[in-house]
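Reader: Pick one spot in this model and give me a close look at it. Then work outwards from there, and tell me what the terms mean as you go.

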Amino acid sequence: MNVVTALKFYITRMTEDSGPGMKVLLMDKQTTSIVSLLYSQSEILMKEVYLFERIDTAVHNDTLKHLTCIVFVRPTKENIDLLCKELRYPKYGVYYIYFSNIIAKADIKLLAESDEREVVREVHEYYADYLAINPHLFSLGINACSEGLTWDPVHLHRTVQGITSVLLSLKKCPYIRYQNSSDMAKRLAEKIREVLSKESNSFEFRQESNPLLLIVDRRDDPVTPLLNQWTYQAMVHELLTINNNRVNLSHVKGISKELKEVVLSAEHDDFYANNLYLNFGEIGQTIKELMEEFQKKAKKHQKVESIADMKHFVETYPLFKKLSGTVSKHVTVVGELSSLVEKHNLLEVSELEQELSCQTDHSSQLQKIKALISNPKVRDVDTVRLVMLYALHYEKYTNNDINGLVELLKKRNVSDKYIKVSI
C-alpha cells in the first residue's frame, strides 16, 4: 500500500500510452502539484514531455500541431468547461485525456460534442486525486475542513473524492468503521459508503481479505497537536512549514539564492528519506557524518594529476555535485532549526509540555508556565499551548489557576484569536 508507487504508475502509463514523440502536459492547479511531488522536471523530460501548460491559464496564440497533448485534470465543472473550449479550438495535434477521479457520463458526452475535429484519441479515469507526501502518507491540501463542529460542504465533497481516489489507486474495497461519537466521522463514512455503492463496478478487486477504512476524529486527542515535534520532518513542518515538499528559507539572514527555497523529497533525496524520522539530537550526528563524507570526497577531487584522475573526476562529478547540494541544503535547514530552538527556548518549553502531559505536579508546573509566559523569547503560540495543556490536565483540579493564566496572556498582548482558543 504505497501511494507514491500507485501515482507514479499512473503518470508513467499516461506518458507511455500516448505514444512516442514530443508531448505537452496540460494540467490544472491541483494536478500540477500532484505531478511535481512525484517527479522532478528532468525526470519528466526523460518521458518526452517538453512543455507544461495550465488549462486555466493556457494561451491560444500559436498552434502546435506537432505536439501530442496529455491532459491530466480533476473532473470539476470548471475543468470540463475549459476542456470543451480547448477541444473546439484545439491547439495541439491529438489529445489523450486523463481525469484524476470518477467522471460523470454527462460530462463525457459534453466533451464528445465539443470534439468536432476529432482530435481526442482516448479518455481515461486515472485515480490520482491526492498529494502523495510519503509512501504511507497523503494529503488533500485542505487547511480547515469544518465550520465549527460540522463539515464545510465543499471540503466534505473534496475529502470523499480524495479518499475514494486513494482506495481506487490502491485497488482496495474496504469495510468502513467510524468513531460513533463523532458526527463528522459518521457523515464522512456515510458519503464514502454511498460512492462505493454507486460505483460498485469500479471497486471489484481481487482481495485476499477486505481491508479496514477507519475514520476517527482528531478532537479525541487534543494533547498531541499541542506538543512541539522533535523528529526531522515534523520539526521542519512545525517551525518552517513544508508546502508540497518545498521549504521557504528566504527569510534566513545571508541565505544564498540557490537555498532560498529547498525541496525535501524522500523520493529524490536519500539523506532525507533515511533520516526524516530521526529526532533532533540524532539528526545533528548524521549531519556531521554527511559533512565528513563530503570533505573526504572533496579532498579526492583536489588531486587531478593524470588522465586517469581526470577520467575518474568526470565520472564521479555528478554524484559529487549532488552530494554537495545535499550537504548545503540539510546543513542550512538543520542550522535554521537549531537557531529557532535556541531563539524561542523550545527545549525548555517542550520539557514543560511533556511534564504537563505525563506528570502531576501542580504548584511547580504552574510557576514554570508563569515564568515562560513572562519570557519575551518564548513565542505567543507556545505560551497558549502551555496554558491549554494546563487547562486540559487541571480542569477539574480545585485550586487551578486557568483564569489567572489567561489574564497573563492578555497582559502579554497575545492575539485575541489565541485567547479565545485557550478559554
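Author: Let's start with S33, which counts as buried because its relative accessibility is 18% (buried means under 20% relative accessible area, exposed over 50%, partly exposed in between, with a 1.4 Å probe and protein chains only). Before going on, note that this is a predicted model, where local features need pLDDT of at least 70 and side-chain atom pairs count only at pLDDT 80 or more, while totals for chains, interfaces and linings use all residues. Residues are numbered from 1 along each chain as its sequence is written, and side-chain values use heavy atoms, with hydrogens and water left out.

Back to the serine. S33 lies in helix α2 (helices, H or I of at least four residues, and strands, E of at least two, are DSSP runs numbered from the N terminus). Its side chain is joined to that of N244 by a polar contact of 3.2 Å (a pair of N or O atoms within 3.5 Å; within protein, one must be able to donate a hydrogen and the other to accept it, and residues adjacent in sequence count only if both atoms are side-chain atoms). Once you set aside neighbours within four places in sequence, S33 is in contact with L131 and N244 (contact means heavy atoms within 4.5 Å).

Now for the helix around it. α2 covers residues 29–38, and its axis comes within 10 Å of the axis of α1 (residues 3–17), crossing at roughly 110° (axes are lines fitted to C-alpha atoms, for helices over the stretch in contact, and angles run from 0 to 180 degrees between N-to-C directions). α1 and α2 are therefore roughly perpendicular to each other (65 to 115 degrees; under 35 counts as roughly parallel, over 145 as roughly antiparallel, and the rest as oblique). On the α1 side you'll find V4, L7, K8 and I11, which meet I34, V35 and L38 of α2. By class, that contact has 6 nonpolar residues, no polar ones and 1 charged (Ala, Val, Leu, Ile, Met, Phe, Trp, Tyr, Cys and Pro are nonpolar, Asp, Glu, Lys and Arg charged, and the others, Gly among them, polar).

Further along comes E48, in the loop between α3 (41–45) and β2 (49–54). E48 is partly exposed because its relative accessible area is 30%. Its phi is positive, about 70°, although E48 is not a glycine. Most residues other than glycine have a negative phi. The side chain of E48 reaches the backbone nitrogen of G21 at 3.4 Å. In sequence E48 and G21 are 27 residues apart, yet C-alpha to C-alpha they sit 6.6 Å apart in space. Neighbours within four places aside, E48 is in contact with G19, P20, G21, M22 and K23.

Another buried side chain with polar contacts belongs to Q179, which is buried because its relative accessible area is 14%. You'll find Q179 in the loop between β10 (175–178) and α7 (183–198). Its side chain makes polar contacts with the side chain of S181 at 3.1 Å and with the side chain of D220 at 3.0 Å. Beyond the neighbours within four places in sequence, Q179 is in contact with A185, I215, V216, D217 and D220.

On to the later helices. The 13 residues of α12 (346–358) should span 18 Å at 1.5 Å a residue, and the end C-alpha atoms are indeed 18 Å apart (the expected span is 1.5 Å times one less than the number of residues). The buried residues of α12 are L346, V349, S350, L352, E353, E355 and L356.

The axes of α14 (residues 380–394) and α15 (residues 402–411) come within 10 Å and cross at roughly 170°, so α14 and α15 are roughly antiparallel to each other. Here T383, V384, V387, Y390 and A391 of α14 meet I402, L405 and L409 of α15. The residues of that contact divide into 7 nonpolar, 1 polar and no charged. After α15, in the loop leading to α16 (416–422), is N413, whose phi is also positive, about 65°, although N413 is not a glycine. N413 is exposed because its relative accessible area is 66%.

Finally, the whole chain. It has 16 helices and 14 strands, and its C-alpha atoms fill a box of roughly 80 × 70 × 50 Å, taken along the principal axes. Of its 423 residues, 42% count as buried. Among contacts with a separation of 6 or more, 77% come from residues 24 or more positions apart.
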